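Trainee: Please walk me through one part of this structure in close-up, and then show me how the rest of the chain is built around that kind of detail. I work at the bench, so plain words are welcome.

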Amino acid sequence: MKYVSTRGAAAGSSFREALFSGYAVDGGLFMPEEVPRVSADTLRQWRALSYPQLVQNICSLYISPDEIPVQELGALIERALSRFAHSEVVTFKRLRDGLNVLELFHGPTMAFKDLAMCCLAQFILYFLQKEDKHVTIVVGTSGDTGGSAIASLRGAKRADVVVLLPAGRCSRVQELHMTTAMEENVHVFTVEGSSDDLDEPIRRLFADSEFTSRHGVISINSINWGRVLVQVAHHFYAYFRCTDGGGGGGGAEVEEEMPTVEVVVPTGAAGNAAAGCVARWMGLPIRLLCAVNQNDVVHRALRSGDFSVDGAVKPSLASAIDIQVPYNMERVFHLCSDADTALVRDVMTRFYESGQANLPATLQTRTGSALRRPRPPSSRRWLSASAFASRSTPRSQRCAASPSAASPCAAATTGTRCSATQWHASPAGVRRPPPKRNVDARTAARTAARTAARTAARTTARSARKLRLATYGAEEVFSMHTCTAVISVC
């Protein structure tokens, strides 16, 4: 397996070169020159594998045995995942109505990034030991990555870890994961600004390949292909557990017509989404749905082709996805454009230089089919003026000037006040609540009591959910990166 930059340079690079380079010499990200397709027979064999065995089988497709022999690769992965709190490493839970959850938070820092980071660290240390070298690893973090990198490399004699975290942007638990590491090879600094502000100087640093090579500087953020590669495995694992009927693995046959599973991926820098796309290109029948918070650049790109930064990063309780520069979308564009490196280079150059790029229509369509955006709840219905007048307005308040009960008057069409009924009509395409009814005091009291009871019940349920999540060990109650939800639609 050889690698190439998403922008066309560095063709024929080895896995070791991709692992130690981060960014390619032209500023692009490394991708395999060809994504291997997985046959039905292979999927049938993989279904019965444990998670560590599945990681090994997938990684062996992308790592030449001349670089890491298969037996040694398995030992590295086994060692990396031995520190997880659960014997299965990741756990699959069936809920109801076809909703399932893959729990990815059993690692040393309770972040899903532990899964790939532990393996990546072992790959790096393997080559350093083999070549008798030392490196300095630079990590910019929005919360999860820094602690996970430290936990994976603390005490390593051949690697120093320099972690840069944005001041006041991480949770207290995340900060403690980083600032309480006393090993000599760990160096932690707080900096002003957001994680996106950190990414820019780090990107410029790795653009100077001569400097990074001379001083042995590498990155293990998700610009590193090794991170994305290992994350491909839990998409396969989730699919097998979701479709085996029993939820526990065990050798169910792969049907000739494989069902499709929808995977909901919380999305920040889009590394997990890129891994899901690679899994799809390998032949796994999944649909990916990207979930974002108010930092919604991916959502806007899929909806309208507007791939642009929307002002400053907006802090939230899910700090791991408080990102407006989803750099792994470059890998998604590379896949969706059939490796059109000139197109990817043009889009990403404009994005990094001006903070804004409009996706070509074909690329937007293909990306939208690979990564779907969430649909609005079905309960939100947007009605035209005529529909509003006929469905939501009591007969006594319908406009007498209308030619029929189902047809609004001219005032309703323009959204102005109608003199016949003194009713504010809704303009076309705008949803308005139904008009209030006159009620007596007893009815109003009963309504108020019911509302208060519902509010108290919701508050109690919310408190119970917080307690349940805290018991599971999630580092932030509402952190969207503690798990990946898998919705079975078969």
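Mentor: Let's begin with the second largest pocket, whose lining is made up of ten nonpolar, seven polar and three charged residues. Keep in mind that this is a predicted model. The volume of the pocket is about 410 Å³. Its lining counts 20 residues, and R16, F20, S21, T212 and S213 are the ones closest to the centre. Which elements supply at least two residues each to this lining? They are α1 (15-21), α9 (209-215) and β8 (217-219). Of these, α1 gives the largest share, with four residues.

Since α1 matters to that lining, look at what comes before this helix. A10 sits in the loop that joins β1 (3-5) to α1. Its phi is near 60°, which is a positive value in a residue that is not glycine. A10 is partly exposed, because its relative accessibility is 25%. Another alanine makes a good partner for it: A270 has a phi near 70°, again positive in a residue other than glycine. A270 lies in the loop between β9 (261-266) and α11 (271-281). Is A270 buried or exposed? It is buried, because its relative accessibility is 3%, and the cut-off for buried is under 20%.

Now move along the chain to α13, which covers residues 329-336. Eight of its eight residues are buried, so the helix is largely enclosed by the rest of the structure. The buried set takes in charged side chains as well as nonpolar ones: M329, E330, R331, V332, F333, H334, L335 and C336. Just after α13, D338 adopts a positive phi of about 55°.

What touches this helix? Part of the answer is in α15 (residues 361-370), where T367 is found. Setting aside neighbours within four places in sequence, T367 contacts L302, M329, V332, F333 and C336. M329, V332, F333 and C336 are among the buried residues of α13. In an α-helix with 3.6 residues a turn, residues three or four places apart point the same way. T367 is buried too, because its relative accessibility is 1%. Its side chain also has a polar atom 2.7 Å from the backbone oxygen of L363.

Q364 is in α15 as well. At 19% relative accessibility, Q364 counts as buried, so it sits just inside the cut-off of under 20%. Not counting residues up to four places away in sequence, Q364 touches A301, L302, R303, S304, G305 and L359. L302 therefore appears in the contact lists of both T367 and Q364.

Finally, step back to the chain as a whole. It has 490 residues, and buried ones make up 51% of them. The secondary structure comes to 18 helices and 16 strands. Of the contacts with a separation of 6 or more, 72% join residues that are 24 or more positions apart. The contacts between T367 and residues such as M329 are one example of partners set apart in the sequence. The accessible surface is about 22400 Å², and carbon and sulfur atoms hold 51% of that area.

Note on methods
Residues are numbered from 1 along each chain as its sequence is written. This is a predicted model: local features need pLDDT of at least 70, side-chain atom pairs count only at pLDDT 80 or more; totals for chains, interfaces and linings use all residues. Side-chain values use heavy atoms; hydrogens and water are left out. Buried means under 20% relative accessible area, exposed over 50%, partly exposed in between (1.4 Å probe, protein chains only). A polar contact is a pair of N or O atoms within 3.5 Å; within protein, one must be able to donate a hydrogen and the other to accept it, and residues adjacent in sequence count only if both atoms are side-chain atoms. Contact means heavy atoms within 4.5 Å. On a 1 Å grid over the protein atoms alone, a cavity is a set of points where a 1.4 Å probe fits but cannot get out, and a pocket is an open set with protein on both sides within 12 Å along at least five of seven lines; lining residues have an atom within 4 Å of a point. Grid points are joined across faces, edges and corners, and a volume is the space filled by probe spheres set on the points. Accessible areas come from the Shrake-Rupley method with a 1.4 Å probe; for residues, only the protein chains shown count as cover.
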